[in-house]
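Visitor: I am new to this structure. Pick a single part and take me through it closely, from its surroundings down to its bonds.

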Amino acid sequence: QVQLVESGGGLVQVGGSLRLSCAASGRTFSSYFMGWFRQAPGKEREFVAAIRWSGDNTYYADSVKGRFIIDRDNAKNTVYLQMNSLNPEYTAVYYCAVSRAGAYGTSGSYNYWGQGTQVTVSS
């Protein structure tokens, strides 16, 4: 059992930055991927970024490469998403998730999900 709590969302102007945090508790030692997904109104949930809980592999959606950075602090059981150069297309609810196995970019591969945190980018 893993519990995930996201924080750090909010309202930001175009060009600004936010840093999202996801605090995990429970049996995180067996986690395979920690991932971030987002869902905008009327759209399907989509992959944003993922990182291996052990090792140094990171993965990004093409739409966020060069803008977002995913990292982790295993001692704190926390994964972060640094979001830079934001514009309104990034407005969405962002979700943290844990995968035990499977494809990092597929939502069906993730076993546990947080409640999400709203990110709104305005002009």
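Guide: Start with contacts. Take those in the protein chain between residues at least 6 apart in sequence: 56% of them join residues at least 24 apart. Keep in mind that this is a predicted model. Every value below is computed from it.

First, the setting. The protein chain has zero helices and 11 strands. Read from the N terminus, its elements run β-β-β-β-β-β-β-β-β-β-β. The radius of gyration is 13 Å, close to the 14 Å that the globule rule gives for 123 residues, so the chain is as compact as a globular protein of that length. Along the principal axes, the C-alpha atoms fill a box of roughly 40 × 30 × 25 Å. Of the 123 residues, 42% are buried. The protein chain exposes about 6100 Å². Carbon and sulfur atoms supply 46% of that area.

Now the part to look at: strand β9. Strand β9 covers residues 92-99. How many of its eight residues are buried? Eight of the eight are, so β9 is largely enclosed by the rest of the structure.

Next, the strands that pair with β9. Strand β4, residues 33-39, is joined to β9 by seven bridges. These two strands run antiparallel. At one place in this pairing, Phe-33 stands opposite Ser-99 in β9. Strand β11, residues 117-122, is joined to β9 by three bridges. This pair also runs antiparallel. Here Val-93 has Gln-118 of β11 as its bridge partner. Strand β10, residues 110-113, is joined to β9 by three bridges as well, again antiparallel. Ser-99 turns up here too, standing opposite Tyr-110 in β10. So far Ser-99 has been placed opposite Phe-33 and opposite Tyr-110.

Bridges are one kind of link. Strand β9 has another. A disulfide is a covalent bond between the sulfur atoms of two cysteines. The model has one disulfide. Which residues form it? They are Cys-22 and Cys-96, with sulfur atoms 2.1 Å apart. The cut-off for a disulfide is 2.5 Å, so this pair qualifies. Cys-22 lies in strand β3 and Cys-96 in β9, so the pair ties together parts that are 74 residues apart in sequence. The angle about the S-S bond is -80°, and the link is left-handed. Are its two ends buried or exposed? Cys-22 has 0% relative accessibility and counts as buried. Cys-96 is buried too, with a relative accessible area of 0%.

Follow the disulfide across to strand β3, residues 18-26. Ser-21 lies in this strand. Its relative accessibility is 19%; buried means under 20%, so Ser-21 counts as buried. Setting aside neighbours within four places in sequence, Ser-21 is in contact with Val-5, Glu-6, Ser-7, Trp-36, Thr-78, Val-79 and Tyr-80.

Leu-20 is also in β3. Leu-20 is buried, at a relative accessible area of 0%. Neighbours within four places aside, its contacts include Ser-7, Gly-8, Gly-9 and Trp-36. Val-79, Tyr-80, Leu-81 and Met-83 are also among them. So are Tyr-94, Thr-117 and Val-119. Not every residue a short way along the sequence lies close by. Leu-20 and Tyr-32 are 12 residues apart in sequence, yet 20 Å apart in space, C-alpha to C-alpha.

Finally, the charged pairs. The whole structure has two salt bridges. One joins Glu-46 to Arg-38, with the closest N and O atoms 2.7 Å apart. Glu-46 is partly exposed, at a relative accessible area of 37%, whereas Arg-38 counts as buried, at 6% relative accessibility. The other joins Lys-65 to Asp-62, with the closest N and O atoms 3.1 Å apart. Both Lys-65 and Asp-62 are exposed.

Back to strand β9, then. Its eight residues are buried. It pairs antiparallel with β4, with β11 and with β10. Through Cys-96, it is tied to β3 by the disulfide.

Terms used:
Residues numbered from 1 in each chain as written. Predicted model: local features only at pLDDT ≥ 70, side-chain atom pairs only at ≥ 80, totals over all residues. Heavy atoms only, no water. Helix = DSSP H or I, 4+ residues; strand = E, 2+ residues; numbered from the N terminus. Buried < 20%, exposed > 50% of the residue type's maximum accessible area, 1.4 Å probe, protein only. Salt bridge = Lys/Arg side-chain N within 4 Å of Asp/Glu carboxyl O. Rg over C-alpha atoms; globule rule 2.2 N^0.38 Å. Contact = heavy atoms within 4.5 Å. Areas by Shrake-Rupley, 256 points an atom, 1.4 Å probe, with all protein chains shown as cover. Pairing = 2+ DSSP bridges.
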